[in-house]
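Biologist: Got a minute to walk me through this one? I'd like to know what packs against what.

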Amino acid sequence: MSIIDTVLNDFFWRALIGGLGVALIAGPLGCFVVWRRMAYFGDTLAHSALLGIALSFLFSLPLNLGVLITSVVLAMALLLFSRNKTLATDTLLGILAHSALAIGLVALSFMPDVRIDLTGLLFGDLLAMNRNDLLWIYGGAVVILTLLAVLWRGLLMSTIHEELARVEGVPVERLRLLLMLMFALVIAVAMKMVGVLLITAMLIIPAATARRLASTPEQMAALAVGFGFVAVAGGLSMSWHLDTPAGPSVVVTAFATFLVVYGGAGRLSASRPA
Amino acid sequence: MDEPLVAIENLTVRFDDRPVVDRVSLVLHRGDIITIIGPNGAGKTTLIKAVLGIQAATSGRILRAKGVVIGYVPQHLSLESTLPLSVERFMLLSGQPLAACVAALDRTGVSHLLKASVHHLSGGEQQRLLLARALVRKPDLLVLDEPAQGVDINGQAALYDLIRQLRDELNCGVIMISHDLHLVMAATDKVICLNQHVCCSGHPADISHDPAFIETFGRPVAESLAVYHHNHNHSHDLSGNVVGTDHSGSANEHGECDHEHH
């Protein structure tokens, strides 16, 4: 107990453990973001997190819960709106993303008693991670990884060919909804780490980096987790030694890894893996 | 007689009040090959989506036999290049054991591609992979959406011939969409010419004389089909070998006959 306590009492270790937990879920989920071209969707959900924070203060809810509820509601709204095809999806997402962000900022300005660190919300405050945050992250990881493991074949099939999957009896619509709910959950738990503006980076960059080296979907998910770990560990040490903000440092490390893998792999072999 | 695999009664599908499929009826039994032809926007794809059960009907009924397994061969596999996927993995996603997957790939002639990436297949290989993917589920009903798209002309004949053989082996029903009028005529029992409504239907040899068919496709097409029918009763592979006899159950056995000799 005492060792665990010592570790958890150290803000640096808390940050590292939390960051690795986020990387663990962002890896496989990020693959689906890349495969299904949902990057902009992830961004929209993330932007709505700020509105969730404002609402949490208004109704005195725990921040994570408020963010989770807002993301879920927005995901449902998007699902409904996207059935009506008058507006292109990216237009719709653009409207909702920035409106949610703006409404969140305006709502917060109406609460002068609430003192919040806006920079921390937008760009992450990894070093301020507390034990409660760790509980959220690892609770979320258990839920998401279990769901992904159980639903993997159906999710993969409906990503590869939606109609073929439907003919074969895969509940495509229900899986789409579940996937959106998982995004909402990952945003609620990852927000503190890299902030609402950089969450999508944690989903996309490790997955895209992994694509270069993977020849099966499962390999890509596992490698994405690995590259996420590298980004978190590298970003934190960068932050420690150079006194840079932790969230952006993590993203910068992820990007550097991406460049190295794509540049290096290009030089090693002319032919791309499967 | 045996129960039909699929029976469609008076099916209408409307998008925004515009009827895309208008009062279409059809019945498909085991062993039947029905081909749907028709101009662009005629509702062919919507009709087979209704057969597949992934398109809701505005009115009318679609009856499928109980427990019928459908093998669906979509037009193509438009896969994100970000998703790494081998032929083997794609086949295994059907939930069938590897041996069955390899056997299905063997049957469609692409088992040598087992370890290849799905992204690096040619049009013809992709179609044969999709056909194997449908086959591995041992379907009672095979539904194909333009199976010969992106396949060269000789490959097309071989592909339609393969579909006919599979119908015999699996004793399944086949319903397909095709634009390859000549080849369709040779490989099918019944043609339905769709232009929202069924403009005509029947045996391939009869339909090319049907005034409604001539009106939809124009006289040159209809005449070329009629001519084709009088003169041709088998298909060839690339080297000119006879690869199969065609419609009408003619007892004409070609055996090893090479068409080039006189």
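**Helix packing and the chain contact**

Modeller: Sure, starting with a helix pair in this predicted model: on the α7(A) side, D133(A), W136(A), I137(A), G140(A), V143(A), I144(A), L147(A), L151(A), G154(A), L155(A) and S158(A) meet V172(A), L175(A), L178(A), L179(A), M182(A), L185(A), V186(A), V189(A) and K192(A) of α9(A).

Biologist: How many of those are nonpolar, polar and charged?

Modeller: The contact of α7(A) with α9(A) has 15 nonpolar residues, three polar and two charged.

Biologist: And at what angle do the axes of α7(A) and α9(A) cross?

Modeller: Roughly 155 degrees, and the axes come within 10 Å. That makes α7(A) roughly antiparallel to α9(A). The crossing of α7(A) past α9(A) is left-handed.

Biologist: Which residues of α4(A) meet α9(A)?

Modeller: From α4(A) you have N64(A), V67(A), L68(A), S71(A), V72(A), A75(A) and L79(A). Among their partners in α9(A) are L177(A), M180(A), L181(A), F183(A) and A184(A). The α4(A)–α9(A) contact counts 15 nonpolar residues, two polar and no charged.

Biologist: What about the geometry there, parallel or antiparallel?

Modeller: Helix α4 (residues 63-83) and helix α9 (residues 172-194) of chain A pack at about 150 degrees, with their axes 9 Å apart. They are therefore roughly antiparallel. As for handedness, α4(A) passes α9(A) in a right-handed crossing.

Biologist: Back to α7(A). At what angle does α2(A) pack with it?

Modeller: About 20 degrees, with the axes 10 Å apart. That makes α2(A) roughly parallel to α7(A). The crossing of α2(A) and α7(A) is left-handed.

Biologist: Which residues make that contact?

Modeller: On α2(A), they include R14(A), I17(A), G18(A), L24(A), F32(A) and W35(A). On α7(A), they include D133(A), L134(A), Y138(A), A141(A), L148(A) and T159(A). By class, the α2(A)–α7(A) contact has 16 nonpolar, four polar and two charged residues.

Biologist: Zooming out, how many helices and strands does chain A have?

Modeller: Chain A has 12 helices and zero strands.

Biologist: And what are its overall dimensions?

Modeller: The C-alpha trace of chain A spans about 55 × 45 × 35 Å along its principal axes. With 274 residues, a compact globule would have a radius of gyration near 19 Å, and chain A agrees, with 19 Å.

Biologist: Switching to the two chains: how many residues does each give to the contact?

Modeller: There are 19 residues from chain A and 16 residues from chain B. On the chain A side, α2 (11-35), α7 (131-160), α8 (162-167) and α11 (217-242) give two or more residues each. The most come from α7(A), with five residues. The chain A side as a whole divides into 11 nonpolar, four polar and four charged residues.

Biologist: So α7(A) turns up again. How does the model score?

Modeller: The ipTM is 0.82 and the pTM is 0.82. Chain B averages a pLDDT of 79, and 81% of its residues score at least 70.

Biologist: Where in chain B is the pLDDT below 50?

Modeller: One such stretch is residues 227-236 of chain B, which has 25 contacts in the model beyond near neighbours in sequence. Another is residues 244-262 of chain B, with 28 contacts beyond near neighbours.

Biologist: How should I read those parts?

Modeller: Where pLDDT is low, the predicted coordinates should not be read in detail.

Technical notes: Residues are numbered from 1 along each chain as its sequence is written. Chains are lettered from A and ligands numbered from 1 in the order in which they are written. This is a predicted model: local features need pLDDT of at least 70, side-chain atom pairs count only at pLDDT 80 or more; totals for chains, interfaces and linings use all residues. Two residues are in contact if their C-beta atoms, placed from the backbone, lie within 7 Å. Helices (H or I, at least four residues) and strands (E, at least two) are DSSP runs, numbered from the N terminus. Ala, Val, Leu, Ile, Met, Phe, Trp, Tyr, Cys and Pro count as nonpolar, Asp, Glu, Lys and Arg as charged, and the others, Gly among them, as polar. Axes are lines fitted to C-alpha atoms, for helices over the stretch in contact, and angles run from 0 to 180 degrees between N-to-C directions. Angles under 35 degrees count as roughly parallel, over 145 as roughly antiparallel, 65 to 115 as roughly perpendicular and the rest as oblique. A crossing is left-handed if the near helix is turned anticlockwise from the far one by less than a right angle, and right-handed if clockwise. pLDDT is the predictor's confidence in each residue, from 0 to 100. The radius of gyration is taken over C-alpha atoms; the globule rule is 2.2 Å times the number of residues to the power 0.38.
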